[in-house]
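Here is a short tour of the packing and charge pairing in this model. Have the viewer open as you read along.

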Amino acid sequence: MMNPKPLGVRKTVQLLVIITILAWATQTLVSQWGYGGVILAAGPSEQMSVELSEPVLELRTEATIDGSEVTLRQLCRWAKEHDDVLGPVAETVVARLSQTHPVRVVMVPEIKAVLHDRGVSLSQIHFSGAASCAVRRNEVDDATFARLLSHLNDEEPAPAPAEAVAGATTRPAGGAGAADETVRADARQTALKDLLVTDLLDRLKLPADRVQITFDPRDTATLILTSPRCRFDLDSSRATGLGAVSWEVLIRTDTTERRATLTAKALASEEQVVLARSLSKGQALRADDMTARTAWVDRPAADRATGVEQLVGQLLARDMKRGEALSAGDLKLAPLVLKDQFVTVAMKVNGQAIETVARALETGAKGDLVRAKNEATGQVYSIVVTARAAGEVRPPGTRQGVASTD
């Protein structure tokens, strides 16, 4: 045992080869561990779940919205398991459309800037899908959408180099960089005033040509700020109707943030018929007594009278002065049947239409139900006035007011 037998040449060579292989394998293993590794106890599916554990926002190529606010949920989609991270910011307004600019192209830098403002860590979110999303209001049809997009492309400058776009799309920076600012500045700009007008019109459910909005001149410098160069958060809780309205606006850029209160007065157009001269109660209206006009009001009347021709011959229910607008309550129909007047009465007897003459016991306008007496027979009819000095007997239960033309 104290004098071991020397190894032969063959054994020595085999031992050296084994030692060399072990040394190479050890060096390779250490190198792989140093670069983070493919040496995992888990299988391939578990590796993939680790790589995809961070939220991925996939930008759509197109989106159609109701109203003017474009939210993150409308622009992007993400896996359900990431709702805990992205759900709280899903309704964040990324951009706004207007009636004058109903189509926009929203790019990744805009989304990043808005998420950054909301305190979202961009280093933990990956972007995929399209580089930009074309958004339209729901009233824009396909042909108009294509035309406006083409017009936008013609107006906008040439796109940035591919390297800059790739950097803006994939860079997980904490804030918007110079490339992001360049992209937003090159995008078509929409003035804050235009966004506020559209916001109010959408709430009023009225077309732009029926609403007049006058802003305080002192707010001009703020109203000319544009999106997406600036980012606006609107509080419209005091801009829901006509009259005096106001918005609380948070205005953000990459370097500044401030709040502003913007005020305006909103009026709606109303078609009116006004008196051209003062008239007394009971007077019949003539065409030259009235004139039609369009007025701007903060409280449109639901029963406002319209159409000069339709009002001719009706009677005033009260004294009215020149310039007053007529409403349904100010008018009553002129009587077509007078008390004690002889009228023609139409009726059906045994399915055959006949006419007779009767004396009116009451005065009535068109559609009124009055009584008339047949002087020859003494029979009293209930007739519906249909024309001047004429009426007809109708079966019981027949609605009044359905009469033939005069």
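In this predicted model, the largest nonpolar core holds 26 residues, and those touching the most other members are Leu57, Leu72, Leu75, Cys76, Ile111, Leu115 and Val135. Two or more residues each come from strands E1 (56–59), E2 (62–65), E5 (93–96) and E8 (132–137), and from helices H3 (72–75) and H5 (108–117). The biggest share is that of H5, with 4 residues.

Leu72 is a good place to zoom in: leaving aside residues up to four places away in sequence, its contacts are Leu57, Trp78, Val89, Ala90, Thr92, Val94, Ile111 and Leu115. Another core, of 24 residues, lies apart from the one described above and includes Cys230, Ala239, Val245 and Trp247.

Now to the charged side chains. The model has 23 salt bridges, including these:

| Pair | Closest N to O distance |
|---|---|
| Glu110 and Arg104 | 2.5 Å |
| Arg137 and Glu139 | 2.6 Å |
| Glu248 and Arg238 | 2.6 Å |

Are Glu110 and Arg104 buried or exposed? Glu110 is buried at 5% relative accessibility, and Arg104 is buried at 3%. In the next pair, Arg137 is buried, at 3%, whereas Glu139 is partly exposed at 48%.

Glu248 sits in strand E13 (residues 243–252) and Arg238 in the loop between strand E12 (231–235) and E13, so their pairing ties together parts 10 residues apart in sequence. Glu248 is partly exposed at 26% relative accessibility, as is Arg238 at 48%. Elsewhere, Arg277, Arg286, Asp288 and Asp289 are joined into one network by salt bridges that share partners.

Note on methods:
Residues are numbered from 1 along each chain as its sequence is written. This is a predicted model: local features need pLDDT of at least 70, side-chain atom pairs count only at pLDDT 80 or more; totals for chains, interfaces and linings use all residues. Side-chain values use heavy atoms; hydrogens and water are left out. A nonpolar core is a set of buried Ala, Val, Leu, Ile, Met, Phe, Trp, Tyr and Cys residues joined through side-chain atoms within 4.5 Å. Buried means under 20% relative accessible area, exposed over 50%, partly exposed in between (1.4 Å probe, protein chains only). Contact means heavy atoms within 4.5 Å. A salt bridge is a side-chain nitrogen of Lys or Arg within 4 Å of a carboxyl oxygen of Asp or Glu.
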